[in-house]
Amino acid sequence: MMETEIAKTIKCKLIGLTKRKLELLNREYDNFQHYLKTGEDKGVYSATKQQGKRTYRKIDPNREYPLVIRKDLMDIRKTNNKLAKYWARIPIYGVRGGIKVALAHQPFNFEEWEICGSKLVRKHGEFFLHVTAKKKVELRKEYSSIIAIDVGARWVGVSVALHRSKPKFYGKRVREVRGKYFWLRRKLGKEKKTLAIKKIGDKEKRIVSDELHKIAKDIVDEAEKHNAIIAIGNLNGVRKNNRGRKVNRKVNSMPFYRLKEYIKYKALERGIAVVEIPEYNSSKQCSRCGSMNTRRPSQGLFICLDCGYQINADVNGAKNILKRAQGYMLWAGAAVTRPGGERRFILHTPQPPQLHVEAP
């Protein structure tokens, strides 16, 4: 086992606020904005002022900045209260001990993590606490399989694995939601309904984030079940290729980075390593024979002109990432045992840690 530290930000909505608590939060928040922009102190908790100056070096007078709560002042406790499982203490100027606020229910155990600095965010008149937490986890050093994931215009992710023969396609719902809201925004834009556009944008983001969490959980659950490392294509440059207006719009609207981050932190929490594999030419190279003499008559079809291999283009990309991941593991100094005891070594882009992968 190898130890590493992971960090994540948990966004918690404050619920059940009394009129008095809401007034105090709004006062502290407004006074904090005034202090950052003018330097005049109309009444802000002293540690919050100091932390705000350290955090926000350049101030835009037209922006609203989250109220920064220092690590040693962040207190979150588990209770038996019917309203909420967890309550937090927010320091407020002139209020001894601050005020206690209830956090909306979510599947996160704060007591298992070290609570770090946090930020109080005001949005549409409601308050949210963005809590940064960290903990140390043990990463496995030996794996029995690899799950490789490729991203594309049609699917947010396609995965192949050493332990199964069929690919998995992820993101149909994401694609439908993105398409629906794209046309809805266009329609509202023509009618110049800017407030409605912002409102549906928030709703779209919530739906997509929920779907991405489900996809990431499915991938990590499979990796845990089959003791597999997760290899995901390096996303650098995925949006730079010009593939036509319609395809470019679909590629640019796909939340690749968010999915990758969800997969990473969910996997690391369980001690499963995630490696990023260069995607250079993975969409052009034949995953069967390695030839670059290929073509794509349509966005979804890949054809190798040398060996005649025909396959879904995204599956071909995922298979190339899988091969490169196997090559990387061998380069990292671990032997991948193949049927018959054959071992070979391939030079590849390094990425720590060194891990052992045994092919089934």
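**Exercise 1. The largest pocket**

Task: Find how the residues lining the largest pocket divide into nonpolar, polar and charged.

Solution.
Step 1. The lining of the largest pocket divides into 12 nonpolar, eight polar and 18 charged residues. The structure is a predicted model, and totals for linings use all residues.
Step 2. The volume of this pocket is about 1,700 Å³. Of its 38 lining residues, T9, K11, S209, H213 and Y262 are the closest to the centre.
Step 3. Next come the elements behind the lining. At least two lining residues come from each of β1 (2–15), β6 (114–123), β7 (126–139), α4 (194–225) and α6 (256–269). The largest share belongs to α6, which supplies eight residues.

**Exercise 2. A three-stranded sheet**

Task: Give the strand order of the open sheet of three strands, and explain why β14 and β16 each have one side without a neighbour in the sheet.

Solution.
Step 1. Strands of a sheet pair through backbone hydrogen bonds, either parallel or antiparallel.
Step 2. In this open sheet the order is β14-β15-β16, and the pairing is antiparallel.
Step 3. β14 (294–298) and β16 are the edge strands; each has a single partner strand, so one side of each is left without a neighbour in the sheet. From one strand to the next, the twist averages 30°.
Step 4. Three bridges link β15 and β16 in the antiparallel sense. One pair to look up in the structure is I303 with its bridge partner Q310 in β16.

**Exercise 3. Y309, buried or exposed?**

Task: Locate Y309, decide whether Y309 is buried or exposed, and list its contacts beyond four places in sequence.

Solution.
Step 1. Y309 lies in the loop between β15 (301–304) and β16 (310–312).
Step 2. The cut-off for buried is under 20% relative accessible area. Y309 has a relative accessibility of 10%, and therefore counts as buried.
Step 3. With neighbours within four places in sequence left aside, Y309 contacts C286, S287, R288, F302, I303, C304, N316 and K319.
Step 4. Take R288 from that list. R288 and Y309 are 21 residues apart along the chain, and their C-alpha atoms are separated by 7.2 Å.

**Exercise 4. A hairpin**

Task: State how many bridges join β10 to β11, and how many residues stand between the two strands of the hairpin.

Solution.
Step 1. β10 (residues 157–161) and β11 (residues 164–170) run antiparallel and are joined by four bridges.
Step 2. The two strands form a hairpin, with two residues between them.
Step 3. To check the register in the structure, find G157, which stands opposite Y170 in β11.

Conventions:
Residues are numbered from 1 along each chain as its sequence is written. This is a predicted model: local features need pLDDT of at least 70, side-chain atom pairs count only at pLDDT 80 or more; totals for chains, interfaces and linings use all residues. Side-chain values use heavy atoms; hydrogens and water are left out. Buried means under 20% relative accessible area, exposed over 50%, partly exposed in between (1.4 Å probe, protein chains only). Contact means heavy atoms within 4.5 Å. Two strands pair if DSSP finds at least two bridges between them. Axes are lines fitted to C-alpha atoms, for helices over the stretch in contact, and angles run from 0 to 180 degrees between N-to-C directions. On a 1 Å grid over the protein atoms alone, a cavity is a set of points where a 1.4 Å probe fits but cannot get out, and a pocket is an open set with protein on both sides within 12 Å along at least five of seven lines; lining residues have an atom within 4 Å of a point. Grid points are joined across faces, edges and corners, and a volume is the space filled by probe spheres set on the points. Ala, Val, Leu, Ile, Met, Phe, Trp, Tyr, Cys and Pro count as nonpolar, Asp, Glu, Lys and Arg as charged, and the others, Gly among them, as polar.
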